[in-house]
Amino acid sequence: MESMPSWLQAGLWGLVAGGALLLGAVAGYRFAVPQRLTAAIMAFGSGVLISALSFELMDEAYATDGLASCAVGFLSGAAVFTLANWFLARQGARHRKRSGGRQPSEAQDSGSGLAIAIGALLDGIPESIVIGLSMLGGNGVSLVAVGAIFLSNVPEGLSSAAGMKRAGRSPRYIFGIWGGIALASAIAALAGYSVFADSPPEVVAATMAVAAGAVLAMVVDTMIPEAFEETHDFAGMITVLGFLAAFALSKSGI
């Protein structure tokens, strides 16, 4: 990728990370993955994302622009995601990442299909923007960020697609959503690089903090409930393993 323009590299890395959603969706739709295994993978993915936002986003945002700006951005990102998620939950998207029978069908809740699609897009955009932001230092993409997002996206797609199938949604709907979000992830990563390419470091740092707040709120609101549903007493340990895996990557110099 070295000879490609940086903005194109950002888009391709976003597509790689977003493509994991589609891979997970195929697995969740085609194979009868045990719910307990799905929950365990979701717990691992949650730990990976929490570690990535701690050491790849918040740490850098703090080092660039201090605690006050970092805290404001972090809280703002969480607030925006929480309000949007609250609204979508009332439209039928509350259980969009559940693999069991909690997702409503269109017959049970008219309009829930669109709400679930928008909710899935809402979940993926902040983390994809991070990929583009990670390239602004001129040292190439953060492979830790890409790896963390990829690892967390697989269980997201798997669990949600399994739940969609149980709710009676068509393959066209399921794979259309995840294919579309994979493309949207590429666009978001490209935008994360292009829009902020000429921005002062303080603006980039604040944007990282906003993204980190949105991602953490997403993890707690949509991923951890599915992780705890089946793994119960083991959810914490599996989440810690995911955190440790991403932390080790962040310190490996990759």
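How many residues does helix α7 have, and how far does the helix reach from its first C-alpha to its last? In this predicted model, α7 runs over residues 235-250, which gives it 16 residues. From end to end, C-alpha to C-alpha, the helix reaches 23 Å, close to the 22 Å expected at 1.5 Å a residue.

Now for the buried side of α7. Ala235, Ile238, Thr239, Gly242 and Ala246 are buried in this helix. Looking down the axis, these buried residues fall within an arc of 105°, so they line one face of α7. The spacing fits a general rule: an α-helix has 3.6 residues a turn, so residues three or four places apart point the same way.

One of those buried residues, Ala246, turns up again in the surroundings of Ser51. Ser51 sits in helix α2, residues 35-93, and is buried, with a relative accessible area of just 1%. Leaving aside residues up to four places away in sequence, Ser51 touches Glu56, Phe243, Ala246 and Phe247.

Another buried serine is Ser159, found in helix α4 (residues 143-166); its relative accessibility is 0%, so it counts as buried. Ser159 and Ala227 are 68 residues apart in sequence, while their C-alpha atoms lie 9.8 Å apart in space.

The surface has something to show as well. Met4, Trp7 and Leu8 form a nonpolar patch there, with about 250 Å² of accessible area together. Met4 belongs to the segment before α1 (6-30) and is partly exposed, at a relative accessible area of 31%. Patch members need over 30% relative accessible area, so Met4, at 31%, clears that cut-off.

Technical notes. Residues are numbered from 1 along each chain as its sequence is written. This is a predicted model: local features need pLDDT of at least 70, side-chain atom pairs count only at pLDDT 80 or more; totals for chains, interfaces and linings use all residues. Side-chain values use heavy atoms; hydrogens and water are left out. Patches are made of residues with over 30% relative accessible area and no salt bridge: like charges are joined within 9 Å, nonpolar side chains (Val, Leu, Ile, Met, Phe, Trp, Tyr) within 5 Å. Accessible areas come from the Shrake-Rupley method with a 1.4 Å probe; for residues, only the protein chains shown count as cover. A salt bridge is a side-chain nitrogen of Lys or Arg within 4 Å of a carboxyl oxygen of Asp or Glu. Helices (H or I, at least four residues) and strands (E, at least two) are DSSP runs, numbered from the N terminus. Buried means under 20% relative accessible area, exposed over 50%, partly exposed in between (1.4 Å probe, protein chains only). The expected span of a helix is 1.5 Å times one less than its number of residues. The arc is that of the directions from the helix axis to the C-beta atoms. Contact means heavy atoms within 4.5 Å.
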